[in-house]
Every structure is written in structure tokens, then in C-alpha cells.
Amino acid sequence: MSRLDPSLLAGLPPFSGMDHDALKDLLVGATPLRHPKGAHIFREGEDAHSFFLLLDGYVRVVKLAPDGEQVIVRFITSGELLGIAKALSRDSYPANAVAAADCVLLSWPSRSWDSIIAVHPGFATNTYAMVGQRLIDTHDKVVELATERVERRVANAVLNLAKTTGKATDEGILIDFLISRQDISEMTGTTLHTVSRLLSSWEAKGWIKSGRQRITLVESQTLKLLATARG
DNA sequence: CCATTAAAGGATT
DNA sequence: AATCCTTTAATGG
């Protein structure tokens, strides 16, 4: 039996408002696991045997279009739940989850979902709040995809990545994991060539620094203007 | 304005 | 050496 410390969970949004004993109780059913960068944590359509908490690393949630094209639905950062099909009354995962960096997770059997939320109503409340926020984010993205031009979509994607994963460096805000132009194109509904051209032009203007699979925001304020200003 | 195609060079394993 | 990532240019919707 592994001894997991309740302080692992304390302070994470899914468990806010829960006391030490409640966290201890939750950890009894948890199994720690690791996935190297590039590994699938679960696949679309697969039986949703477990749900997960990401402790460290980044996960990208990917849908496969009928023609084989990939779309990145969102990124999961540490402290977030994923694979919570049971909370949505589903028996299978609705998308693929792939480690975007080396990941450390906890997993719980999905069959324990109902008893967990029965014993810990605060956990249920937190989960529904999170599901609601993801729904709102998705709505915003639908509107953006339908109405905004490519440059603005890419600017928003980069700004969001910087906001959720950014690390301050002497040059600016560095996106904390390796991300290719292809990845950004799959987030924004465009091609890697267009992303490459845009990033090159922003770099020429001094707004960002970019290299192979790395992006640093030098002038995030200017990018924010580009992403939000009308005209 | 943006996607597609093609070609070429650099980086990574 | 093979593969992956990026850039650049030309073309066309």
C-alpha cells in the first residue's frame, strides 16, 4: 500500500473546502502513475475505467476528425481532473488524452465515483464548477473559431498557454513545455505554415522569441492588444 | 486573407 | 541516417 500524503491534494481546486480527513479518505482509493511524454493516458471510445488527477506535467485533450485530422480541444495543467466520464454519466472517454510532457497522475476507479461524491459533496460541487467553466471556455472558443481571423486566434492560443503554463524568464514569459507550430495549428484551426509565418513576423517585430518547439512572450501586452482590439 | 504545395535546411534521436 | 520541425516562396481560392 502506498502512503500518499494528503498535502498532495490540499490547495488544489477540485478539493477546496475539504478537510484533512476527507483528503485522507480520498487518497485511500488512489493509485499514483506516470506517463512519459507522448503516451496516451486514455483513448476516445475506450471504457472509462478510471478518472485522474494530474499532479505534474501537461496533458493535451485531442479529438480525431473523420478524415484523420487532429484537433486539440484543451490542455490540462497540474491540479486538474481529467477523464471524469462518470460525472457526465458516460461509460466511455469522449476524447484522447496524451501526455504533452512527462506526467505524474493519481487515478481512481470510476466505479468509486458515486460513493466518493456521496461522502464528499464538496468534491461534487467543485467538479460541477469545473465542468461549467470548461463548458464556458468551449463556448468562447466556438465563437472565436467562427468569427475571429487566424492571427487573433493564434495570439489568443499563445496568450492562454502563457497564462496557464508560463514561466517568467529574463527574456519574458516562456511557455513551459515543448509545443510545435503543428500543435498550435491544431488548437486554432489553421495550418502549421500559417502559424510559422505569424510567429516569424511577431518575432521580427520583437513581440516574441521563438525557436524549435519553444515560445517566449516578450511583449505580451502588444499581443493582448492584437488579440482583443477591434479594427 | 488564408490554404495548399513544394522545396530546402536545421534539429533531434 | 532517418525523422521531425521550421521557414520561405509560389500559386490559387
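This is a chat about the two domains of chain A and the residues around DNA strand B in a predicted model.

Reader: Before we start, what are the ground rules here?
Author: Residues are numbered from 1 along each chain as its sequence is written, with chains lettered from A and ligands numbered from 1 in the order in which they are written. In this predicted model local features need pLDDT of at least 70, side-chain atom pairs count only at pLDDT 80 or more, and totals for chains, interfaces and linings use all residues, while side-chain values use heavy atoms, leaving out hydrogens and water.

Reader: Which domains does chain A get, then?
Author: The assignment, automatic or from a database, gives domain 1 (7-145) and domain 2 (148-228), and their C-alpha centres lie 26 Å apart.

Reader: How many residues are in contact between them?
Author: In domain 1, 14 residues are in contact (heavy atoms within 4.5 Å) with 14 residues of domain 2.

Reader: OK, switching to the DNA: which residues are around strand B?
Author: Counting a residue as near if one of its heavy atoms lies within 4 Å, they are R149, V150, G189, T190, T191, H193, T194, R197 and R212. Sugar and phosphate make up 69% of the atoms of DNA strand B that come within 4 Å of the protein.

Reader: And which side chains lie by a base nitrogen?
Author: H193 has a polar side-chain atom 3.4 Å from a base nitrogen of DNA strand B, and for R212 the corresponding distance to a base nitrogen is 3.1 Å.

Reader: What about V150 and the phosphate?
Author: There, a backbone N or O atom of V150 lies 2.8 Å from a phosphate oxygen of DNA strand B.

Conventions
A polar contact is a pair of N or O atoms within 3.5 Å; within protein, one must be able to donate a hydrogen and the other to accept it, and residues adjacent in sequence count only if both atoms are side-chain atoms.
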